[in-house]
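Thanks for asking me to look this over. Have the model open as you read, and we can go through it point by point.

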Amino acid sequence: MQKAGPAKTVPAAKGKRRPAGARSSVVLKLVMAVTGLLLVGFLYAHMIGNLKIFFGAETFDHYAHWLRSIGTPLLPNDWYLWIQRFVLTVAAIAHIAIATILARRARKARPVRYAHRPKVQASYAARTMRWGGVIILLFIVYHILDLTTGTLNPHGAPGQPYANVVADFAPSRWYVTLFYTLSIVSVGFHLRHGLWSSIRTLGQQTKKGERVARAVALVLSVVLVVGYLSVPFAVLTGLVD
Amino acid sequence: MDIQVRVWRQSGPQDKGQMVTYDVKDISPDASFLEMLDVLNEKLILDGDDPVAFDHDCREGICGMCGMMINGVAHGPERATTTCQLHMRHFKDGDVIDVEPWRAAAFPVIKDLVVNRGAFDGIIQSGGFITAPTGTAPDAHATPVPKPDADAAFEAATCIACGACVAACPNGSSMLFTAAKVAHLGLLPQGQPERDSRVVDMLDAQDAAGFGGCTNMGECAEVCPKGIPLNLIGRLNADYRKAVGKRR
Amino acid sequence: MNFWNEGEPVVDQAAPDGPIETRWDRRKFSAKLVNPANRRKLSVIVVGTGLAGGSAAATLAEAGYKVRSYCYQDTPRRAHSIAAQGGINAAKNYRNDGDSIYRLFYDTVKGGDFRARESNVYRLAQVSVNIIDQCVAQGVPFAREYGGLLDNRSFGGTQVSRTFYARGQTGQQLLLGAYQAMERQIGLGNIEMFARHEMLELVIVDGKARGIVVRDMVTGEITIDLADAVVLASGGYGNVFFLSTNAMGCNVTATWRAHRKGALFANPCYTQIHPTCIPESGTHQSKLTLMSESLRNDGRVWVPKRGDDKRAPGDVPEDDRDYYLERIYPSFGNLVPRDIASRAAKNVCDEGRGVGPGGLGVYLDFADAISRLGRDAVEAKYGNLFEMYQRITGEDPYEVPMRIYPAVHYTMGGLWVDYDLQSTIPGLFVVGEANFSDHGANRLGASALMQGLADGYFVLPHTLANYLASGPYEKITPDHEDVVAARTQVEERVQKLLSINGDRTVDSFHRELGHIMWEYCGMERTEEGLTKAIGLIRGLREEFWSRVKVPGTGEQLNQNLEKAGRVADFLELGELMCIDALHRAESAGGHFRAESQTPDGEALRHDDQFSYVGAWEFGGTGQAPTLHKENLDFEYVHPSTRSYK
């Protein structure tokens, strides 16, 4: 063969191929979807627990104590809680780590930005996934220090969650309520796109199903926001004290 | 009508590039957007300037060669319309129009508004086909295809590989392009034997080419001149999940 | 003045004789074969990646040859075959309506106005059935019926339903099938693809085509590629008219360069003018857009009776309208074939009765159809076409009639090839629209796709193998004197174009050439007009080489340099087209000579004088070319007069 041809201009993707699935963006997205859904499941359980505050201090504190005894006597006290904490932490770390990887890939995929770029046409929720996620992460850290360990709580008494909550959202500490509200609304936005997106990532594929999935995501997000915000506002307005 | 265009000028891949403003006078509202650029170029040539390079060929919206960001929107303000089919009557006298190339790491700028979309070919090479060497085919009627499947496959197959989906995607992802081909071939009985390997290989090629990941924003489908629907991405995800599951 | 010389007749040496049904089988059997192990030692260059080039490259690579493929677009998938709308014919007889290979053969020879080779057309009809099988296997999403089987539609010039289609995008879907097959071979390393590369010269060594000189359109680098055979699949030359339905980049350079190097160019004057295109809207116009012929099923074509009638179409009362197709051709009415509808439109516009800007347009009115069938029914049938029309013109065809005008659409002429698709240069094969072979003087609707794929998938791979079986040919290196000469020629031409630095743009020359061609070598040609055109073209060519301004350098992406080279070749081709049209003093298919018409204005053939293929040998720029006639014998389909009254 006499070859004196010019160099190939169409790059073939061969050669760079990784083993199937490993670090593929869709696999990463699947992991994000599953971990996200796990965290949403926890949020709902957590919310239902929160709402027990409307049944009074005794019910609420009793519920909090019961949490420590889940799984007994098969498991020693607190074990279930620690397993759950472990699983949730792993899920959250995986979720965040992958989000970081994908965000970096996205940034690398568009090294030069547009000079003229109107707001994207997608929803506000879709556009704020990444910053919203950061706000949520900061909130989780604060929230654990506040109401789990009690470190940052003005009452901070172990075993008295009701009192801790009431102290936390006292009208004088309006900024805590404000931050809480902001964070919960962020969670709402995050879930509005995140829930629908995870359903799509898991393979939802009809146009009708798409409408249903979007509606479900919206309803679940709104219910969650209302459920969570009802507690601080009840405290703020004196409904719970 | 008289307008101003601010066009991205970049003399070559290594040049930094910048937006440059030009006046374009006395343009007919019946002219297409590319014909407006033709008129500008004729003037630039006679003035001794370098004309604006842009890709175009069929100018009837089917070859997929043209494409530019017009005021930040891929292919401009008209929905389901390629740049060549966009006409100046959609702009007003005195408008200032920003024109930029597709921006993606996988689509490096060659000159001005011309980018290299060879990465799309790479994705097709990795699996965007049905293996059917010439002469091996059975009679065309040997395998009936349900009409809804054939119609859906056709709808997916109308993708013209213009790259607007990538240009519009905040993540620079080519998911809609890949999904369209995976759906086209995966909906047909002829495409079943390679269905699993196809989706895995094409997605690997897409990642390797430097496209971002999909976050289901839907920008791609908004600007797609052929109206490729967003739900095909869900189909791609499902196919991928099944294919990877089988491999394990 | 002598515009041409006449030389020896040209004979198709590869054509088998005997019963027409078995000719192709016998040719295939007599063709030499290449041992599979030897195939990878043989290399083939394919220029162009449309239906013919793409399918040929894929098939040759599948067979095991080393293929290198070139296209000027940024990817092979954008070749202009993609724009074909209507469909692809095949003699499948799935409708059981009496179709057969023989009928497709018959219709095509007749449709070509008895100026095509019977053997070639029969083979085309034969392999048409394989094309559909092949495309379905590749996943081409043809339209289907509820039972899951393929749907068919009927097309002009036939009485059976044999056209397979994929909505209005058949060309796109077929091309993607070929493209995907090609990409698979690229991935496997059997095809090396060079996109954004333009062939600028053919390399001939020892009388054989051995390679090409190409320019990398991105870097400007000029390189040599050498191989055992060269296949040109570079499409038609309709862009010589500047305005046509072709893509902006379509050009004649590859075939013209081969012609200059000795390949005969056959029937250049046969051009197909499509009657239903959107008319020009102003001087900015860069191309014309085709509206599907199917619109004529329900639209009525008319112009005002008086030329000075400037009322809006809706205000012109029925009595003041001239439904001229229905008037002149009462039995076919608005559905007369393309050439006839086009010429009738030109005639009424020449009478000053045209409508729209510049008076170059006729109405295609759907008011009757809308009142008869209802708007919804019309929308269901033609919705996407109406949308396209509205997008381009800004007018709503549901409210005001469409304006249409004929435009150049397809060129039947091309490089002369024998039955093996080999040109007069050994080792140079030509497929698809680039060759002249199968359509005679007029191509039927939905036959271009059929021919492109027939050549690429099913004909060339056999006949090229026969040529390659005598290879591998003697090794040559890029420093061979003939190779260096070809390369130098290209470099000098590029430098020349860049150095003129005159005061006129390339487009202004192209536009002017287009005007000359359309005026004198368009729908109606006369001896006087053609003679005048030849003079005008020569003058324009001279002016081009002294006044053209090509900005930039040769070492970069330079779209004006690309255009300049193409227009320079069109300026030579245009002259040959006029000479061919001048010499053919008859009317046949896409070539209408005003001097040769019946008393009522229909085309008049002169079979006694012109039943031949006019194959031209290049005689030098501005010099008289030499005509070589290939006699056409009609053993099966006997010439008759086409009538649509």
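Here are my notes on the contact between two chains, a sheet and a pair of helices.

1. A reminder to begin with: this is a predicted model. Please read each point below in that light.

2. Let's start where chain B meets chain C. Chain B brings 65 residues to this contact and chain C brings 62 residues. On the chain B side, α1 (33–46), β6 (109–111), α2 (118–125), α3 (147–157) and α5 (175–186) each supply at least two residues. The largest share of that side, 6 residues, belongs to α1(B). By character, the chain B side splits into 31 nonpolar, 19 polar and 15 charged residues.

3. Next, have a look at the sheet in chain C. Its 5 strands form an open, antiparallel arrangement in the order β12-β16-β15-β13-β14. At the edges sit β12 (271–277) and β14 (321–322) of chain C, each pairing on one side only. Within the sheet, β15 (362–365) and β16 (402–411) of chain C are joined in the antiparallel sense over 3 bridges, and C:Val362 lies opposite C:Ile404 of β16(C).

4. Helix α9 (338–350) of chain C packs on this sheet, where it touches β12, β13 (300–304), β15 and β16 of chain C. The direction of α9(C) makes about 70° with that of β12(C).

5. Finally, how do α13 (481–500) and α16 (559–583) of chain C pack? Their axes are 10 Å apart, at an angle of about 110°, so α13(C) is roughly perpendicular to α16(C). The contact uses C:Val494, C:Leu497 and C:Leu498 from α13(C), and C:Leu561, C:Ala564 and C:Gly565 from α16(C). These residues comprise 5 nonpolar, 1 polar and no charged.

Methods. Residues are numbered from 1 along each chain as its sequence is written. Chains are lettered from A and ligands numbered from 1 in the order in which they are written. This is a predicted model: local features need pLDDT of at least 70, side-chain atom pairs count only at pLDDT 80 or more; totals for chains, interfaces and linings use all residues. Two residues are in contact if their C-beta atoms, placed from the backbone, lie within 7 Å. Helices (H or I, at least four residues) and strands (E, at least two) are DSSP runs, numbered from the N terminus. Ala, Val, Leu, Ile, Met, Phe, Trp, Tyr, Cys and Pro count as nonpolar, Asp, Glu, Lys and Arg as charged, and the others, Gly among them, as polar. Two strands pair if DSSP finds at least two bridges between them. Axes are lines fitted to C-alpha atoms, for helices over the stretch in contact, and angles run from 0 to 180 degrees between N-to-C directions. Angles under 35 degrees count as roughly parallel, over 145 as roughly antiparallel, 65 to 115 as roughly perpendicular and the rest as oblique.
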